[in-house]
Amino acid sequence: MTDVFLPLPSVQRGRAQDVHELPYLLINPPITDPTEPYHSIPYLVAAARAAGYRGERCVDANLDAFEFLARPEQCARLIERARRLRRELDCAPVRTRGDELRYRQTLAAEGLTADSVRGAIAVLRDPELFYHLPTYKHAVAVLYRWCELFSLDMPPGLLDSFSLRLQAGANLCSSADLADPEVIDAIASPFAEYLESEFTRLLTQRPWRLIGFSVNYAAQLPVALKMARMARRLVPDAVIVFGGTEVCDVVKYTLDRSTVWRIFREVDAIVPGEGESPLVALLDAVRTGGSLAGIAGVLTPSATSADERINYENVGALPTPAFDVWEWDRYWSPEPVILYSPTRGCYWNKCTFCDYGLNDDRPTSPSRERPLEKVMADLAEAKRYGRMLYFAVDAMSPRYLRRLTAAMAESAMGLKWSAELRLERTFPQRSVGRTLADSGCIAVSFGYESATQRILDLIDKGVAIAHVPAVLRELAQHGIAAQMMGFTDFPSESADEALATYEFLRDHADLWTVAGVGRFGLTPGSIVAKQPDRFGVELLPSPASMDIVRYMPWVEVDSGIRHLPGNGDDRIPARALSWIDKTPFPRPFLGGIDSSHSMLYFARYGRRLVPPAGDKTSADRRPRVTLAVPSEVQTSFGSLDELTGLDDMQREVRRQYRDETGATHATMARWLAGPGRGPRGSTTLLILPNGREVELPPGATGSADSALARAYRGLLARELNVPEPAVALTAATTATGDSADTGA
């Protein structure tokens, strides 16, 4: 069992009078959300400053890299690269599955200009255009199309907006893939020029003594490993450290501990727990020339299992986070949304499905609460940088929540906030909705998990589903939005019980605004995995290639039905999925649960999230800027629908999992090299500004003068909500390489 280390005096230790200008670098690596910064680095820097270390440099390389890729000259190259690749594939005598996937991606270039992406980012930062929903949607659609373009050289199917899928053209659950420099280079390929130019200059600016990577999502790990390799080459004497929740997961879920160090081969130390005290101790060791081995909460390549102690901080002794480390106006939002944690861990700490946190012998990390007077001082400091807060907590106890919200209501700071809370049945009786609203709460996320009481009891949720509508109604009456999160396929759940989780949302649609229902994933540290007999399941081995076991396969003992990790529950009919489809986009954009953009829209428009029908902007349905235009493309395929698509790739990933081999970069490369299925032919596509592709019948083109063409232009005008004379089409690069502009 892993030991837990809780430093009672914490990081300050009365040393603030000793100032050390030791140069150290902390990095937030790609790929993650560019709309807000994660909150780990401000906590780390504050602890280091309190211990006397003042030589920090904090870099949001995720934001820097995306800003680099958004430059007009970079976008122009991406557009030309896509067109050139499509011309090559149009002329290729044989086209593989991988070719067909890339061909689909190249279509995203049409109708864009070199300035489209920079213009879209400007919309997200604009305090008026951001809140004009048609303009906002137009901008986000352009950013999604841009993602298709800059990921052309990545392993196919891996990029998922501003994140990565765990399994596609490479496997983030495979140590072989993560330890292979060629695979890492392929995943990091969109950022190669940024890394070789701006990141290289950063590494050589100062004689860095310690370089730390804060890796909190699986999507950040590959590029962080590439950056660490560069840091080792360019700054060979620096101590390289990795920390963050993804590092915790790799340590926790990797079957063979020696494998961890094959992944982190360029790394001197990793911090799988909370990082404030370990960072100070590492800086001490670097400054004095001491050994890194034996530092509490720090793992080194020479460490044994007996040396492992997961660190949990004394949150009452921590200094106020260093909110000043970020340039808040650079993020892709019209105003900052600040993440802050008044508590850590989960006070309930019983849910049998949960494996969040760092402690292997319980569902999540131990619950700790920061003294209220220190929280209020922290909030006063945060208010200097923004008025919007997301309390990044597992779950606050009702007692602490009451005290915190009362203090915020009395403070007159005018902060707006959101958080994930537990569904406490006492909310209506205690008029919690009023208290929350008075304190500035605009939205609350709830994990209701299931709408079947039997399943909730198996989960040990401590919630009666019969009480949930009253809780939601209490919030709705005070203008607070509810974001609902659930899942299906918990052990022993029937198809009817799974459907009931969706039916609950349908039946109470007026009480919630945003919802997400996923599929249960069995994690190794959960109570279900530790006590399988209690839940009637038998654990199955994961494929050998997937030795970072984030989710486990299992079988129901009674029925013999196998359950493999993956998205989607085949028992749920399409009509049920439509019941929760109420919002425009997933994270990190509007409609994503807990996204900064959703918070800002809640603050502007209330619990409905988007403008009401009678709002003065509702009649203005056209975007106020033009970032992309309709474009016609002549393809060399008979029908785009017959090309290999992402769904085909995901089916192959699942097939390899079922066959117990596991999909890796190598096995998927062999599949991608197989023959494509798209028939040769000639099809005219209309690419709409939002990226949607429409196949046109013969003769229905923008330049033709026929009844069919005129009808087509009329339909297009209605689709774009413009008068027909305003419709203009761009004839994109065709199979012969010609390009021209034509007006309709």
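Lys-582 lies over the face of Trp-512, 3.8 Å from the centre of the ring. In a similar arrangement, Arg-506 sits over the face of Trp-579, and here the distance to the ring centre is 4.6 Å. For a charge to count as over a ring, NZ of Lys or CZ of Arg has to be within 6 Å of the ring centre and within 35 degrees of the ring normal.

Keep in mind that this is a predicted model, where local features need pLDDT of at least 70 and side-chain atom pairs count only at pLDDT 80 or more, while totals for chains, interfaces and linings use all residues. Numbering starts from 1 along each chain as its sequence is written, and side-chain values use heavy atoms, without hydrogens or water.

**A pocket among helices**

Let's turn to the second largest pocket (an open set of points on a 1 Å grid where a 1.4 Å probe fits, with protein on both sides within 12 Å along at least five of seven lines; lining residues have an atom within 4 Å of a point). Its volume, the space filled by probe spheres set on the points, is about 250 Å³. There are 17 residues in the lining of this pocket, and Leu-69, Gln-74, Leu-78, Asp-153 and Pro-190 are the closest to its centre. Helix 2 (61-69), helix 3 (72-91), helix 6 (133-150) and helix 9 (192-205) each give two or more residues to the lining. Which helix gives the most? That's helix 3, with four residues. Helices here are DSSP runs of H or I with at least four residues, strands are runs of E with at least two, and both are numbered from the N terminus.

**Cysteines on their own**

How many disulfides does the model have? The count is zero, going by a limit of 2.5 Å between two cysteine sulfur atoms. Take Cys-75: its closest cysteine sulfur is in Cys-147, and that is 11 Å away, so the two are too far apart for a bond. Cys-248 tells a similar story, because the closest cysteine sulfur, in Cys-354, is 12 Å from its own and too far for a bond.

Are these two cysteines buried or exposed? Cys-75 has a relative accessibility of 3%, so it counts as buried. Cys-248 is buried too, at 5%. The scale is simple: buried means under 20% relative accessible area, exposed over 50%, and partly exposed in between (1.4 Å probe, protein chains only).

**Pairs along the chain and in space**

Some residue pairs can be described both by their separation in sequence and by the distance between their C-alpha atoms. Here are three of them.

| Pair | Apart in sequence | C-alpha to C-alpha |
|---|---|---|
| Pro-34 and Asn-62 | 28 residues | 6.9 Å |
| Leu-129 and Pro-623 | 494 residues | 8.9 Å |
| Val-247 and Val-393 | 146 residues | 19 Å |

Where do the left-hand partners sit? Pro-34 belongs to the loop between strand 2 (24-28) and helix 1 (40-50), and with a relative accessibility of 0% it counts as buried. Leu-129 is in the loop that runs between helix 5 (116-125) and helix 6; at 18%, this leucine counts as buried as well. Val-247, on the other hand, is part of helix 11 (residues 245-253), and its relative accessible area is 0%, so Val-247 is buried.

**Backbone details in the loops**

The loop that holds Pro-34 also holds Ile-31. A cis peptide bond links Pro-30 to Ile-31, with an omega of about 10°. Another cis peptide bond runs from Arg-587 to Pro-588, and there omega is near 5°. Pro-588 is in a loop as well, between helix 21 (574-578) and helix 22 (596-605).

Then there's phi, which can be positive in residues other than glycine: Ala-412 has a phi near 60°, and Ser-492 has one near 80°. You'll find Ala-412 in the loop between helix 15 (398-411) and strand 12 (416-421). Its relative accessible area is 71%, so Ala-412 is exposed. Look for Ser-492 in the loop between strand 14 (481-488) and helix 19 (495-507). With a relative accessible area of 32%, Ser-492 is partly exposed.
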